[in-house]
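Please open the structure in a viewer and keep the sequence panel at hand. The tour proceeds by selection, and each stop states what is to be found there.

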Amino acid sequence: MDENTPLLELRELNLICSDGYHAIRDVSYEIGPGLLVGLIGPNGCGKTTMMRCINKTRDISSGDILIDGKSILSKSSKEIAKEIANVPAEFHIGFGLTVFETVMMGRYPYVSNMWWESAEDEVLVYNALKKFGVYDLREREFNMLSSGEQQRALIAKAYVQQPRLMLIDEPTSHLDMKYKLDVMEYLTAMVRKDMTILVAEHDLSLMARYCDLCIIMKKGKVIATGKPKDVITTELIQDVYGVSASVGLDDDNELYVLPKRYRLGKPRV
């Protein structure tokens with residue numbers, strides 16, 4: 001593989017739903033390896049839908065999706081799972097799996113025997129449980145964990161897939177301030193020279209602080225791509241969200257976003 005080949009490339013991606021709604025509109029971009037990338041935009045702009053297209057849980061209408069320069073459109077779900085790991089915003093298990101068993105599910109693409117994992121699989125899972133701070137919870141039922149604990153377990157599950165690309169949808173949506181920072185610190189530490197993480201998130205200040213690159217979406221289109229300090233501006237926030245906001249740098253030269261008021265339409269009561 002050429003070192004200049006993007007890890008992820010989308011070419012003129014379109015998704016038109018059965019009711020005629022054009023959910024993804026001519027989206028094209030490239031992402032290199034070793035990056036934490038923030039996918040930003042209001043509810044309904046297509047962030048989650050685009051992630052589902054990338055991991056082939058939604059069929060696209062036209063275009064192409066490439067990992068390391070090769071199209072994934074003809075690949076099986078097991079082949080894709082070796083390259084792309086997915087951490088959804090909501091994950092429910094209906095049959096009482098423990099944390100250990102949940103994380104072990106991430107090794108599914110590699111197991112040759114349906115019922116038995118190898119010693120290597122167990123080592124990878126135990127190491128991931130320790131890395132993400134859920135080792136002491138390994139015998140607990142996943143559904144009994146707190147939101148923050150569940151999120152860390154799901155990231156561990158994705159981590160043991162050993163993917164080239166990790167897709168994470170709203171990882172901090174149910175977390176308090178401490179756990180928001182914890183999760184983002186984990187994600188930053190996970191990025192490797194041979195793996196990129198794409199995160200859909202609403203907290204612009206978090207994205208500005210932690211991400212190497214931001215992709216901004218509006219109504220199914222990508223309207224800006226670049227470094228956070230270049231693309232997260234008062235003008236962009238007004239255009240994308242219809243919100244007046246202050247954008248500045250704090251004492252550590254970190255970008256912050258302070259929403260001030262909703263500017264479009266009448267005030268809500």
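**First stop: a residue in a loop**

Begin by selecting Asn 253, which counts as partly exposed because its relative accessibility is 43%. This value, like every other on the tour, is computed from a predicted model. Asn 253 belongs to the loop that connects strand S11 (243–249) with strand S12 (255–262). Its backbone deserves a look: phi is positive, about 65 degrees, although Asn 253 is not a glycine.

**Second stop: a residue in a strand**

Move next to Glu 12, a residue of strand S1. Here too phi is positive in a residue other than glycine, with a value near 45 degrees. Is Glu 12 buried, exposed or partly exposed? With 46% relative accessibility, Glu 12 counts as partly exposed.

**Third stop: the open sheet**

Keep S1 in view and add its companions. Select strands S2, S1, S4 and S5, which in that order make up an open sheet of 4 strands with antiparallel pairing. Strand S2 (22–31) and strand S5 (70–71) are the edge strands; each has a single partner strand, so one side of each lacks a neighbour in the sheet.

Now turn to helix H1, residues 47–54, which packs on this sheet and touches S1, S2 and S4. The direction of H1 makes about 115 degrees with that of S1.

Which strands are joined by 5 bridges within this sheet? They are S1 (residues 8–16) and S4 (residues 62–67), which run antiparallel. Two pairs can be picked out by selecting residues: Leu 10 stands opposite Ile 65 in S4, and Asn 14 stands opposite Ser 62 in S4. As a general point when viewing such an element, side chains in a regular strand alternate between the two faces of the sheet.

Follow S4 onward to S5. These antiparallel strands are joined by 2 bridges, and Leu 66 has Ser 71 in S5 as its bridge partner. S4 and S5 form a hairpin with 2 residues between them. In its turn, Asp 68 shows a positive phi of about 55 degrees.

**Fourth stop: another hairpin**

Select strand S9 (residues 213–218) together with strand S10 (residues 221–226); 5 bridges join these antiparallel strands. Ile 215 has Thr 225 in S10 as its bridge partner. In the hairpin that S9 and S10 form, 2 residues lie between the strands, and Lys 219 takes a positive phi near 50 degrees.

**Fifth stop: the largest pocket**

Select Ser 77, Ala 81, Asn 86, Lys 157 and Gln 161. Of the 20 residues that line the largest pocket, these lie nearest its centre. The volume of the largest pocket is about 460 Å³. Helix H2 (77–81) and strand S6 (84–87) are the elements that give two or more residues to its lining. Which element gives the most? H2 does, with 4 residues. Coloured by class, the lining of the largest pocket shows 9 nonpolar, 7 polar and 4 charged residues.

**Sixth stop: the largest cavity**

How many cavities of 30 Å³ or more does a search of the whole structure find? The search finds 1. The largest cavity holds about 40 Å³ of space. To display its surroundings, select Asn 86, Val 87, Pro 88, Phe 91, Leu 154, Lys 157 and Ala 158, which line the largest cavity. S6 and H5 each supply at least two residues of this lining, and H5 has the largest share, 3 residues. By class, the lining of the largest cavity has 5 nonpolar, 1 polar and 1 charged residues.

**Last stop: Ser 147 in helix H5**

Finish with helix H5, residues 147–159, where Ser 147 is located. At 38% relative accessibility, Ser 147 counts as partly exposed. Leaving aside residues up to four places away in sequence, Ser 147 touches His 174 and Leu 175. For a final distance display, select Ser 147 and Gln 238: these residues are 91 apart in sequence, and their C-alpha atoms are 32 Å apart in space.

Terms used: Residues are numbered from 1 along each chain as its sequence is written. This is a predicted model: local features need pLDDT of at least 70, side-chain atom pairs count only at pLDDT 80 or more; totals for chains, interfaces and linings use all residues. Side-chain values use heavy atoms; hydrogens and water are left out. On a 1 Å grid over the protein atoms alone, a cavity is a set of points where a 1.4 Å probe fits but cannot get out, and a pocket is an open set with protein on both sides within 12 Å along at least five of seven lines; lining residues have an atom within 4 Å of a point. Grid points are joined across faces, edges and corners, and a volume is the space filled by probe spheres set on the points. Ala, Val, Leu, Ile, Met, Phe, Trp, Tyr, Cys and Pro count as nonpolar, Asp, Glu, Lys and Arg as charged, and the others, Gly among them, as polar. Two strands pair if DSSP finds at least two bridges between them. Contact means heavy atoms within 4.5 Å. Axes are lines fitted to C-alpha atoms, for helices over the stretch in contact, and angles run from 0 to 180 degrees between N-to-C directions. Buried means under 20% relative accessible area, exposed over 50%, partly exposed in between (1.4 Å probe, protein chains only).
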